[in-house]
Amino acid sequence: DEDAGGLSFPKEFENAETLLISEVHMLLEHRKQQNEQAEDEQELSEVFMKTLNYTQRFAKFRNRDTIASIRSLLMGKKLHKFELAALANLCPESPEEARSLIPSLEGRFADEELSSLLEDI
């Protein structure tokens with residue numbers, strides 16, 4: 001059975017990589033700029049624009065270097081890729097909030113370790 005809380009995902013997600021909302025925003029923004037610079041500019045779909053607006057609203061990090069350092073920091077911890085993306089996207093303020101949003105963290109990190117990680121983010 002699928003259960004994100006227990007880090008159990010469908011087979012099609014086994015080799016999939018996770019992206020931070022900030023990374024998706026940068027990719028979509030780049031695609032939009034490419035489109036605007038093209039000779040035969042295409043009209044971007046409604047779904048594309050809604051997704052771009054969503055990522056703009058919820059992206060926590062705006063700078064490529066910041067995104068890279070956050071990802072690097074989290075990759076150095078014993079986190080599942082789902083947990084890594086969830087922590088970076090949600091930016092919980094306390095270990096308790098992190099565990100309530102990401103149940104798979106329960107029992108795997110001491111409060112001090114998780115608190116330090118959240119401060120670094």
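Contact here means heavy atoms within 4.5 Å. The model is predicted. By that criterion, Ser22, Glu23 and Met26 of helix H1 meet Arg64, Ile67 and Arg71 of helix H3. By class, this contact comprises three charged residues, two nonpolar and one polar.

Two packed helices are described by the angle between their axes and the distance between the axes. For H1 and H3, the angle is about 145 degrees and the axes lie 10 Å apart. The crossing of H1 past H3 is left-handed.

Helix H1 covers residues 21-37. Its 17 residues should span 24 Å at 1.5 Å a residue. The C-alpha atoms at its ends are 24 Å apart, so the expected and modelled spans agree.

The buried residues of H1 are Ile21, Ser22, Glu23, His25, Leu28 and Asn35. Ser22 and Glu23 thus appear among the buried residues of H1 and also in the contact with H3. Packing of the buried set is not confined to H3: its partners are helix H2 (46-58), helix H3 (64-75) and helix H4 (81-90).

Asn89 belongs to helix H4. Its relative accessible area is 17%, and Asn89 is therefore buried, the cut-off being under 20%. Neighbours within four places in sequence aside, Asn89 is in contact with Leu19, Leu20, Ile21 and Lys60. Of these partners, Ile21 is one of the buried residues of H1.

Key:
Residues are numbered from 1 along each chain as its sequence is written. This is a predicted model: local features need pLDDT of at least 70, side-chain atom pairs count only at pLDDT 80 or more; totals for chains, interfaces and linings use all residues. Side-chain values use heavy atoms; hydrogens and water are left out. Helices (H or I, at least four residues) and strands (E, at least two) are DSSP runs, numbered from the N terminus. The expected span of a helix is 1.5 Å times one less than its number of residues. Buried means under 20% relative accessible area, exposed over 50%, partly exposed in between (1.4 Å probe, protein chains only). Axes are lines fitted to C-alpha atoms, for helices over the stretch in contact, and angles run from 0 to 180 degrees between N-to-C directions. A crossing is left-handed if the near helix is turned anticlockwise from the far one by less than a right angle, and right-handed if clockwise. Ala, Val, Leu, Ile, Met, Phe, Trp, Tyr, Cys and Pro count as nonpolar, Asp, Glu, Lys and Arg as charged, and the others, Gly among them, as polar.
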